[in-house]
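Subject: Structure for you to look at

Dear colleague,

I am handing over the structure we spoke about, and I would be glad if you could open it before you read my notes. Please take your time with it.

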Amino acid sequence: MTDDHGVDLEAAIAHLRVLPLGTDGILIETGGLDESLAVFGALLAQPVAGLLDVVPAARTVAVRFLPSLLPVRSLLAVIRSLPKSRDAATSGRLVEIPVHYDGADLDEVARLTGLSVDEVVRRHTSAVHTVAFTGFAPGFAYLSGGDPALDVPRRDVPRTSVPAGAVALAAGFSGVYPRESPGGWQLVGRTTVPMWDLSERVPALLQPGMRVRFVAVAEHAGAVTPESVSTPHGDDRTEEARVGQPTTAPVRLRAATVEHAADPAVSPTRALVVSEPGPFSIIEDLGRPGRSGLGVSRSGAMDHRALREANRLVGSSTGSAALELAYGGLVAAARGDLVVAIAGAPVPITVDHGGERRDLVVGTPFALDDGDVLEVGAPPRGVYSYLAVRGGWLVDPVLDSASGDVLAGLGPERLRAGDELVVARGWSESVAAAGPHVQRTVSAPDEVTFLDVVLGPRDDWFTEDALARLTEQEWTVTPRSNRIGLRLEGAVPLERAVARELDSEATVSGAVQVPPDGQPVLFMADHPVTGGYPVVACVVGDQLDRAAQVPVGARVRFRAVPGPDLRARTASGRPVATPTPAAVPERGDEA
């Protein structure tokens with residue numbers, strides 16, 4: 001079977017290489033971008049229960065799945081049967097984007113290519129690009145298929161700020177920056193078309209498989225209108241580029257004001273008024289899975305189990321939003337009578353009731369009367385604690401989640417002094433007693449935490465000594481760690497056996513990525529969707545909750561455990577994954 005771009009999908013699948021991506025993912029290596037998009041489209045055209053996410057990249061397709069619903073043996077059987085499916089990705093819609101070609105690096109691109117500025121613009125607008133994959137930021141699409149003469153390197157020194165709408169080139173790709181951010185691509189122009197707009201049903205304008213044509217706009221043409229950029233009529237696979245300003249601002253917490261009094265979901269007299277937010281406090285739930293195609297990672301709570309426990313203690317749905325406290329430090333006053341609970345790292349809890357102070361413990365629900373002041377201290381062990389309220393916190397969801405994503409800038413911002421956490425009127429059961437695992441062990445700063453990892457997908461990019469060092473030496477969590485990842489430091493860096501640059505490919509929570517300095521980064525909740533450094537291993541299952549609770553200064557040791565068994569072979573001699581004898585626990589409710 002050949003797709004619209006001439007890819008023989010059946011032949012391509014016969015030569016795929018399948019690599020482990022933790023315990024609930026695989027990385028499929030393809031012969032190139034066209035094959036990646038063909039496999040991606042075929043998987044989308046064949047819905048399978050238990051398939052969570054499919055992320056194409058330049059030479060790979062990452063697939064995440066629920067092992068309990070879709071055993072890896074079954075997933076590989078699905079992939080082998082893909083030639084029976086119609087490719088849906090490589091025939092995507094055509095989007096035309098108007099561009100003012102006045103970029104700061106346009107002259108430099110002309111110099112690097114040996115072309116005139118006019119010829120650079122002509123070649124850029126003559127090509128029909130394909131959205132290869134997304135990443136870096138929500139709505140940022142890597143566009144392939146441009147003129148080979150415009151293959152220019154990234155800037156030697158990245159800019160600290162690139163404006164939203166900048167059209168840029170680098171490493172054979174074109175792209176449009178969806179929001180102001182740092183960046184190292186060569187800027188050739190600008191567009192007013194927003195790449196990311198939360199007011200739209202699908203916020204990302206460009207998604208894998210779509211086609212893109214850039215259209216030069218003369219400076220005297222005036223404001224761009226929908227009529228001036230509409231795509232050709234009569235083609236049901238074309239669409240108009242959206243015109244307007246992007247809506248990407250993070251959500252501010254709602255204050256309990258009279259404007260919400262008529263809303264039946266709001267209790268305007270019940271809130272927690274923050275005077276001291278602590279080092280880093282933010283609203284989180286279980287995140288927004290399955291959005292990688294938009295360039296959005298799952299995000300959500302760093303410790304799923306602790307968030308669930310806090311909600312269970314107050315009788316709320318276990319996936320409800322809670323306030324995530326990193327290293328405690330919260331001081332807030334109750335407005336109205338509240339029932340709250342804290343789970344996770346064992347922080348000291350004090351309630352001041354009119355000058356009378358009482359001490360409380362993690363894992364037990366307690367009442368706050370109107371005017372009571374809640375103080376949460378720093379934990380002697382662990383990092384993250386979760387504050388839940390009976391009825392739930394009132395937060396406007398973004399992409400069906402109340403989670404704040406610090407890398408993508410989605411959802412609630414971090415808590416600030418003066419914010420009011422308003423109580424909703426959510427469904428509730430009776431408050432609960434502490435479960436037997438509430439006071440589970442979390443790491444102290446002087447302890448070593450062991451984390452099981454599955455080697456791969458890029459363990460073959462490292463020397464044998466480096467792989468031995470990964471599991472034999474201790475790694476210290478540095479102060480540069482955050483919700484994006486734990487930055488680790490070891491006595492001896494990991495040495496690579498492969499020196500060439502890795503094409504960007506999908507990353508997952510728990511991925512142990514190794515930058516050029518050889519000091520690993522363990523990706524956590526707000527990790528980027530794609531990355532360009534090799535991932536040597538992935539932390540398994542629910543041990544991400546344990547990893548999240550390792551404080552700065554503490555040490556971790558990795559233990560290699562079996563992942564999907566790749567020793568079985570197909571008739572073509574290529575490896576096929578089979579289940580491991582004992583299933584590894586899954587983390588969280590992925591459905």
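What follows is a short account of a sheet, a helix that lies across it, and some of the salt bridges.

Please keep in mind throughout that this is a predicted model.

Let me begin with the sheet, in which five strands are arranged in the order β16-β17-β24-β19-β22, with antiparallel pairing, and which is open. At its edges are β16, covering 280-284, and β22, covering 366-368, each of which pairs on one side only. If you compare the directions of neighbouring strands in this sheet, you will find them turned by 30° against each other on average, direction ignored. As an example of the pairing, you could look at β17 (residues 322-326) and β24 (residues 384-389), which are joined in the antiparallel sense over four bridges, and where E324 has Y386 of β24 as its bridge partner.

Which helix lies across β16, β17, β19 and β24? It is α7, made up of residues 304-314, and it runs at about 150° to β19, the strand at 338-344. Within this helix, E309 and R312 form a salt bridge whose closest N and O atoms are 2.7 Å apart, and the two residues are separated by about one helical turn because they are three residues apart in α7. E309 counts as buried, since its relative accessibility is 5%, whereas R312, at 30%, counts as partly exposed.

The count of salt bridges comes to 26, and two others are worth finding on your screen. In one of them, the side chains of R291 and D400 meet at 2.6 Å, N to O. R291 belongs to the loop between β16 and α7, while D400 belongs to the loop between β24 and β25 (420-424), so this pair ties together parts that lie 109 residues apart in sequence. R291 is partly exposed at 22% relative accessibility, and D400 is exposed, its relative accessible area being 69%.

In the other, the side chains of R357 and E375 meet at 3.4 Å, N to O. Here R357 sits in strand β21 (residues 356-360) and E375 in strand β23 (residues 373-376), so the parts that are tied together are 18 residues apart in sequence. R357 is partly exposed, with a relative accessible area of 47%, and E375 is also partly exposed, with 28%.

Finally, you may like to trace the network of salt bridges that links R17, E29, R458, D460 and E505.

With best wishes

Conventions: Residues numbered from 1 in each chain as written. Predicted model: local features only at pLDDT ≥ 70, side-chain atom pairs only at ≥ 80, totals over all residues. Heavy atoms only, no water. Pairing = 2+ DSSP bridges. Axes fitted to C-alpha atoms, helices over the stretch in contact; angles between N-to-C directions. Contact = heavy atoms within 4.5 Å. Salt bridge = Lys/Arg side-chain N within 4 Å of Asp/Glu carboxyl O. Buried < 20%, exposed > 50% of the residue type's maximum accessible area, 1.4 Å probe, protein only.
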